[in-house]
Structures are given as C-alpha cells and as structure tokens.
Amino acid sequence: MKKTVLVVLSIFLLASSCEKEQVYAYSIDPKLEVYVDRFYDEAMIRGISISKSNLIVEFTSETTNDFCGECLKVKDFNKGQRRVKIVNTSSCWSSKLDKSKETLVFHELGHCLLDREHFDKLFPDDSPKSIMTTYEQNPYSPCIYVFEENSPSDCNKVNRRAYYIDELFGKPNTPFWLN
C-alpha cells in the first residue's frame, strides 16, 4: 500500500511540476493587416525587432469604454497573448482617412507591443507630444475640410507623421524623452 501511494504521489508531483508550453496565436484581420505591417516596417526601419508570435488584431462591434480601440494583454508584459480590438463603427473606422486608421492601430500596438502607456502632455499649440495621447485620434492627419479663415497648412498635419512615429518607437531627442 505504501509503495502504491508513493508511486501515485511521485507521478502527481512530476505531472504538476511540468509547465505546459503556452501556444500563442498570430492572427490579423485582413482589413487591418496593412496597418499592422506598416507598424512592423516602421519598427524595423528604426532597428527594433518585434516578435509576431503572440498578437491578434481584430474588429469588434462592442466597446467597453469611449475609445475606438483597446489592447488586452496579460499583466506580465513579456508573457501571454496580446489582443488589439478596433471598434468597427463609422465614427471609429469606416469613415476615417487612412492616416487616422494608421494612428489608431499604431496607438493600440504601442500599448500591446511596446508597453507604452498614455502620455497626454501637449505642445504650446495644443498638439499632442505623443501618438499615445488620449486627447486626439488624428495627430498627423490630412485636412478633410478647409475653412475660409484657415489656410490648408493650418489643418494638414501629415508632415508630423515622422515625428510621431519616431516618438512612438522611442527615438532619442523627441520631446517624450526630453520631459
């Protein structure tokens, strides 16, 4: 009897001490893939290698907050499946311009893949210092409408894209690192 109990106990201890290897998914909605690919390309341009082994990027019709996207990740940033959900509504996605869509996806990937938190400091002209802002969804978007009292350059912010991408990936000498 003692021998049987020892064998069963040994098997139980051996089985419980072995960790199961976690299998992670990489799945990107085809309509979001161009933006995810751009994110990885921009990282590579800056010499940053980011694994594609544990990322899901998908559309959702549900929103749990007032934001158009969210990153769901486990508390231990280096372990676990990462999931980005983009709200597929007119106000969040379908009526938006390409650069606005890119900004949203880059912002959420900044949370999920770069472990960036929100950063809401502003420049003196009230433009955000980071793509990780909660204030503005389109920090480098083109104009949709140009009003008579404004010149096109007043609202066209496309020339800011390089700055925001550099800041996202932590290039030194961007204001994020100077504050």
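1. Phe59, in strand S2 (residues 55-60), has Ile86 in strand S4 as its bridge partner. S4 covers residues 82-87, and six bridges join S2 to S4. The two strands run parallel. Two strands are taken as paired if DSSP finds at least two bridges between them. Helices (H or I, at least four residues) and strands (E, at least two) are DSSP runs, numbered from the N terminus.

2. This is a predicted model, in which local features need pLDDT of at least 70 and side-chain atom pairs count only at pLDDT 80 or more, while totals for chains, interfaces and linings use all residues. Residues are numbered from 1 along each chain as its sequence is written, and side-chain values use heavy atoms, with hydrogens and water left out.

3. S2 also pairs with strand S1 (residues 26-28): three bridges join them, and these strands too run parallel. Ser27 has Ile56 of S2 as its bridge partner. Between S1 and S2 the chain passes through helix H2 (residues 33-45), and this β-α-β crossover is left-handed. For reference, a crossover is right-handed if, with the strands pointing away from the viewer, the path from the first strand over the helix to the second runs clockwise.

4. How many residues of S2 are buried? Five of its six residues are, so the strand is mostly covered. Buried means under 20% relative accessible area, exposed over 50%, and partly exposed in between (1.4 Å probe, protein chains only). Over the whole protein of 179 residues, 36% count as buried.

5. The protein has seven helices and four strands. Read from the N terminus, its elements run α-β-α-β-β-β-α-α-α-α-α. Among contacts with a separation of 6 or more, 62% are between residues 24 or more positions apart. Contact means heavy atoms within 4.5 Å. The protein exposes about 11,400 Å², with carbon and sulfur atoms supplying 55% of that area. Accessible areas come from the Shrake-Rupley method with a 1.4 Å probe; for residues, only the protein chains shown count as cover.

6. Confidence should be checked before reading any one region. pLDDT is the predictor's confidence in each residue, from 0 to 100. Its average over the protein is 80, and 71% of the residues score at least 70. Among the elements, H2 has the highest mean pLDDT (98) and helix H1 (residues 2-17) the lowest (48). Over residues 5-9 the pLDDT is below 50, and this stretch has zero contacts in the model beyond near neighbours in sequence. Residues 11-17 are also below 50, again with zero contacts beyond near neighbours in sequence.

7. A search of the whole structure finds two disulfides. A disulfide here is a pair of cysteine sulfur atoms within 2.5 Å. One of them joins Cys68 to Cys92, with an S to S distance of 2.1 Å. The torsion about this S-S bond is about -70°, so the link is left-handed. Cys68 lies in the loop between S2 and strand S3 (69-72) and Cys92 in helix H3 (residues 90-94), so the pair ties together parts that are 24 residues apart in sequence.

8. Is Cys92 buried or exposed? Cys92 counts as buried because its relative accessibility is 10%. Its disulfide partner, Cys68, is buried as well. Leaving aside neighbours within four places in sequence, Cys92 is in contact with Cys68, Val87 and Leu104. Leu104 is twelve residues from Cys92 along the chain, and their C-alpha atoms are separated by 8.8 Å.

9. The other disulfide joins Cys71 to Cys112, with an S to S distance of 1.9 Å. The angle about its S-S bond is 110°, and the link is right-handed. Cys71 lies in strand S3 and Cys112 in helix H4 (residues 98-114), so the pair ties together parts that are 41 residues apart in sequence. Cys71 is buried, because its relative accessible area is 17%. Cys112 also counts as buried, at 0% relative accessibility.

10. Asp115 deserves a look at its backbone. Most residues other than glycine have a negative phi. Asp115 is not a glycine, yet its phi is positive, at about 60°. Where does Asp115 lie? Its place is in the loop between H4 and helix H5 (152-155). With 35% relative accessibility, Asp115 counts as partly exposed.
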